[in-house]
Amino acid sequence: MAYDLIVIGSGPGGYVAAIRASQLGFKTAIIEKESLGGICLNWGCIPTKALIKSANVMDYFSHAKDYGINAGDFAPDFPAVVKRSRGVADKMSKGIQFLMKKNKIDVLMGFATVKGGGKISVKSADGNMQDVEAKNIIIATGGRARELPSMPIDGKKIIGYREAMVLPERPKTMIVVGSGAIGVEFAYVYANMGTQVTIVEYAPRIVPVEDEDISKELEKSYKKRGITIMTNANVERVDTSGNGVKAFVKTATGEVTLEADVLLSAVGVVANIEGIGLEEVGVKTEKGKIVVDPYGKTSVDGLYAIGDCTPGQALAHVASKEAVVCVEAIAHAAGTYHHKPEPVDYGNVPGCTYCTPEIASVGMTEKAAREAGYELKVGKFPFSASGKASAAGATEGFVKVIFDAKYGEWLGTHMIGANVTEIISETVLGRKLETTWQEVLDAIHPHPTMSEGVKDAVEVALGEAIHL
Ligand SMILES: Cc1cc2nc3c(=O)[nH]c(=O)nc-3n(C[C@H](O)[C@H](O)[C@H](O)COP(=O)(O)OP(=O)(O)OC[C@H]3O[C@@H](n4cnc5c(N)ncnc54)[C@H](O)[C@@H]3O)c2cc1C
């Protein structure tokens, strides 16, 4: 079977690429070995947000009295929480099935291996082999949980993110190793379900890629929630021979032994680039990722790669953007599409973490901006001074904006608080349009909203704060 374009992998990189290709007139197929929608819909973004929503409901019930509501007795039904999350994921995956049909994209279920010369062999679950061929092939095979030799995932006592989403019962105690987005999101979910959670982080602070002020605020908030946090701490070895799990942790002051029912290893993701024919056809890889040009082209003609299997932030919206850029560039080169797409701007990618309080950021941290030699205007507006936040009982956190003092360029925004993942898009669009501080102030922000905090923070940066 010959196609104009075949995509391997159906995550937010792969399925978006297939749809855009079909829209641009390519005869398109997509190959998937597991479930349509990839990690994002089945084991990542979506099911975690469903679990987080259940944790939010627990949060509300715990504070019902603060809102004048007598909630009576309540408790999580943990298997029902998991069931709801799986239901949401299944529904989303079925949605992708519908979109493939709507866009006349052939779906081939099986494991794909590239063979060179535009050929791919597909092995289905029952062992059947099929060869397909395309002028253009996009590899979007995504990633999987990173495993450290000191903590091999056994799926029972040492678990990765997949197992953490479907535990048969709520553990009483849990050690979360790693405090990136995945680690702190699960810590929030389980702490709210009543699990005693300890976070162990190798770096000096939690959510280490965020601005330092964000890390401090989250640590303060998590400690209030009863989550134990250990930073500058390294799990050197784990013992699973007893009832639970023992983690031997090296800290600045000596070795500590932690005991828990389960240990969640949340130490990052690695790309799925092995065993899919890349070495055989000569695709260049570096540091465990496929090397690509700004349009997703690999070192081999006709072969492209996008998403988590390539460098760049391992985020769903990055994979989707890379997909569109890659397909449009292929169509443009073929002379069938008028517009040459702009390469992805990796400096303007929003990052969101959906714990409570939520975290959202884009652009440079204050430290990175200072190290880059900028003279800065920095403004920080606490939600404790926001009317909407007070009305909502969500006064934790702040908006921090960072501008270049010389030309007014918006270098970054870092937020922590309720709903900030919905507010960050203003900065992304503002930065895309090269908005200055004056233009942010000139744009009228609705009242009362937490998004006003952005304008308030800009006022603080300029020394013109009205609400502080
Ligand atoms: C717990 C968790 C929470 C996350 N939360 C967020 C979030 O809130 N926001 C966000 O932006 N990102 C989040 N991410 C990251 C996000 O899921 C990924 O960045 C995104 O899924 C990457 O998309 P992708 O298309 O590159 O690959 P994937 O979504 O990983 O999809 C790759 C697909 O390829 C298939 N595949 C692999 N090899 C083959 C083969 N040889 N043949 C056929 N099929 C193959 C796989 O089965 C898979 O379905 C989260 C990740 C995790 C693990």
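**Notebook: a proline loop, a ligand shell and a pocket**

I began with P357, which I found in the loop between β20 (351–353) and β21 (358–363). The peptide bond that joins T356 to P357 is cis, with omega at about 0 degrees. I note here that I am working from a predicted model, and that every value below is computed from it.

I then looked up a further cis bond, the one leading from H447 to P448, and read an omega near -5 degrees. P448 has its place in the loop between α14 (437–442) and α15 (452–461).

While on backbone angles I also noted K104, which is not a glycine and yet has a positive phi of about 55 degrees. K104 sits in the loop between α4 and β3 (106–109).

**Second largest pocket**

T356, the residue that precedes P357 in the cis bond, turned up again when I looked at the second largest pocket, where T356 is listed with D59, Y60, A394 and A418 as lying nearest the centre. I recorded a volume of about 1,200 Å³ for this pocket and a lining of 37 residues.

Which elements supply at least two residues each to that lining? I wrote down α3, α6 (181–193), α7 (212–224), α11 (387–392) and α12 (420–423), and of these α3 gives the most, with 8 residues. By residue class, the lining of the second largest pocket divides into 14 nonpolar, 13 polar and 10 charged.

**Ligand shell**

I turned next to the ligand, which has 39 residues around it, and of these G13, E32, K49, D308 and A316 come nearest. For two of them I checked the backbone: an N or O atom of the G13 main chain lies 2.8 Å from an oxygen atom of the ligand, and for D308 a backbone N or O atom is 2.9 Å from a ligand oxygen. H317 makes its approach through the side chain, where an N or O atom is 3.3 Å from an oxygen atom of the ligand.

How much of the ligand's exposed area does the protein bury? Taken alone the ligand exposes 1,000 Å², and I find 95% of that buried by the protein.

The elements giving two or more residues to the shell are β2 (28–32), α2 (38–43), α3 (45–62), β4 (111–116), α5 (161–165) and α9 (316–333). Here α2 gives the most, with 4 residues. I recorded that α3 appears among the contributors to the ligand shell and also among those to the lining of the second largest pocket. The shell residues divide into 19 nonpolar, 15 polar and 5 charged.

**Aromatic pairs**

Last, I searched the whole structure for aromatic pairs and obtained 5. I followed up the pair of F61 and F74, whose ring centres are 5.3 Å apart and whose planes stand at 45 degrees, so I entered the pair as tilted. This pair links distant parts of the chain, with F61 in helix α3 and F74 in the loop between α3 and α4 (78–102), 13 residues apart.

Technical notes: Residues are numbered from 1 along each chain as its sequence is written. This is a predicted model: local features need pLDDT of at least 70, side-chain atom pairs count only at pLDDT 80 or more; totals for chains, interfaces and linings use all residues. Side-chain values use heavy atoms; hydrogens and water are left out. A residue is near a molecule or strand if one of its heavy atoms lies within 4 Å of it. A polar contact is a pair of N or O atoms within 3.5 Å; within protein, one must be able to donate a hydrogen and the other to accept it, and residues adjacent in sequence count only if both atoms are side-chain atoms. Accessible areas come from the Shrake-Rupley method with a 1.4 Å probe; for residues, only the protein chains shown count as cover. Ala, Val, Leu, Ile, Met, Phe, Trp, Tyr, Cys and Pro count as nonpolar, Asp, Glu, Lys and Arg as charged, and the others, Gly among them, as polar. On a 1 Å grid over the protein atoms alone, a cavity is a set of points where a 1.4 Å probe fits but cannot get out, and a pocket is an open set with protein on both sides within 12 Å along at least five of seven lines; lining residues have an atom within 4 Å of a point. Grid points are joined across faces, edges and corners, and a volume is the space filled by probe spheres set on the points. Rings of Phe, Tyr and Trp (its six-membered ring) pair if their centres lie within 6.5 Å; planes under 30 degrees apart count as stacked, over 60 as edge-to-face and the rest as tilted.
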